[in-house]
Amino acid sequence: MDIALLIKAAIMGIVEGLTEFLPISSTGHLILAGALLGFDDDKAKVFDIAIQTGAIFAVILVYWQKIRDTLVALPDEKQAQQFALNVLVAFIPAVVLGLLFGKAIKANLFTPVVVASTFIIGGFIILWAEKRQQRNPAVARIHAVEAMSTMDALKVGLVQCLAMIPGTSRSGATIIGGMLLGLSRKAATDFSFYLAIPTLIGAGVYSLYKDRALLSLADLPLFGVGLLFSFVSAWLCIRWLLRYIASHSFVPFAWYRIAFGVVVLATAWSGLVSWAA
């Protein structure tokens, strides 16, 4: 295996792990990082989706106690059943719309300019959501995922579908969307993590199956390195994020999105950086 290729896989894994659960778009960062590294062919696109599984293992590790308790209580306790139902209901819209429009979106929207534009738009939406909740804390009527109704979960699931547009951010859509729908910052973040488990595992398995003809056993080291670095960096990021949101807002991430998007657009239009499609 080419050492240079393994190094690229490690870098992409780190980018995935550090950005998957922050409201800054892992897909957008992977597209841009892949363009800079020359790691953006069809196999690389499968790789980008597959290594999300490493980040999900980190979520399962961090939330293992809650996941285990829910599974144990599922046959008997209504609260556990409601929680599992909420995750399932929120997951379904992404499956349906992904199957209907996923191919067209990948063919037309997976470009650096689109990513940069959605970075900027998403940044301003985060600023608006944070200002709204700061001015009127009462809009946060749900302070724990256990208090969510099935309709609340469905609404968050529909908002998650906006993340099909690269650069939007799955976590950003679910967290900020959840806040706009009445969830506290903590509840929205927790539910975003739980919803990521079926969403990203499903996307990874489906992508590997659909594009299996592109892959061979020789690709195992490449994918293994990406998964490992994605897992480790995601685990560190999740633990940091849970501490961060206890006393901070998402405003710095909004300004990061706006600044980063402007830089990408400026370098693309000036010709300073030749971003690949």
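In this predicted model, the largest pocket is lined by 43 residues. Nearest its centre lie I49, K106, F110, M164 and A203. The space in this pocket comes to about 1,100 Å³.

Which helices each supply at least two residues of this lining? They are α2 (26–37), α3 (42–50), α6 (78–109), α9 (170–180) and α10 (185–210). The most comes from α6, which gives 9 residues. By class, the lining of the largest pocket holds 21 nonpolar, 14 polar and 8 charged residues.

The second largest pocket has a volume of about 300 Å³. Its lining is made of 16 residues, and G122, I125, L162, T168 and A173 are the closest to its centre. Two helices, α7 (112–135) and α9, give two or more residues to this lining. The classes here are 10 nonpolar, 5 polar and 1 charged.

Helix α9 thus appears in the lining of the largest pocket and in that of the second largest pocket. Its packing against other helices comes next.

**Helix packing**

Two packed helices are described by the angle between their axes and the distance between the axes. The table gives both for three pairs.

| Helix pair | Axes come within | Crossing angle |
|---|---|---|
| α7 and α9 | 9 Å | roughly 35 degrees |
| α9 and α10 | 8 Å | roughly 140 degrees |
| α4 and α11 | 7 Å | roughly 45 degrees |

Take α7 and α9. Their crossing is left-handed. On the α7 side, the contact uses I125, I126, W128, A129, E130, R132 and Q133. On the α9 side, I176, M179 and L180 take part. These residues divide into 7 nonpolar, 1 polar and 2 charged. I125 of α7 has two roles: it meets α9, and it is among the residues closest to the centre of the second largest pocket.

Next come α9 and α10. Why is α9 oblique to α10? The axes cross at roughly 140 degrees. Angles over 145 degrees would count as roughly antiparallel, and 65 to 115 as roughly perpendicular, so this one falls among the oblique angles. The crossing of α9 and α10 is right-handed. From α9, the contact draws on R170, S171, T174, I175, G178 and M179. From α10 come R185, A188, T189, S192, L195, A196, T199 and L200. The class split is 6 nonpolar, 6 polar and 2 charged. M179 of α9 takes part in this contact and in the contact with α7.

The last pair is α4 (residues 52–62) and α11 (residues 220–244). With a crossing of roughly 45 degrees, α4 and α11 are therefore oblique to each other. Is the crossing left-handed or right-handed? For α4 and α11 it is right-handed. Helix α4 contributes T53, G54, A55, F57, A58, V59, L61 and V62 to the contact. Helix α11 contributes L227, S230, F231, A234, W235, I238, R239 and L242. By class, the contact of α4 with α11 has 12 nonpolar, 3 polar and 1 charged residues.

Notes: Residues numbered from 1 in each chain as written. Predicted model: local features only at pLDDT ≥ 70, side-chain atom pairs only at ≥ 80, totals over all residues. Heavy atoms only, no water. Axes fitted to C-alpha atoms, helices over the stretch in contact; angles between N-to-C directions. Helix = DSSP H or I, 4+ residues; strand = E, 2+ residues; numbered from the N terminus. Parallel < 35°, antiparallel > 145°, perpendicular 65-115°, else oblique. Left-handed = near helix turned anticlockwise from the far one by under 90°. Contact = heavy atoms within 4.5 Å. Nonpolar A, V, L, I, M, F, W, Y, C, P; charged D, E, K, R; others polar. 1 Å grid on protein atoms, 1.4 Å probe; cavity = no way out; pocket = protein on both sides within 12 Å on 5 of 7 lines; lining within 4 Å. Points joined across faces, edges and corners; volume = space filled by probe spheres on them.
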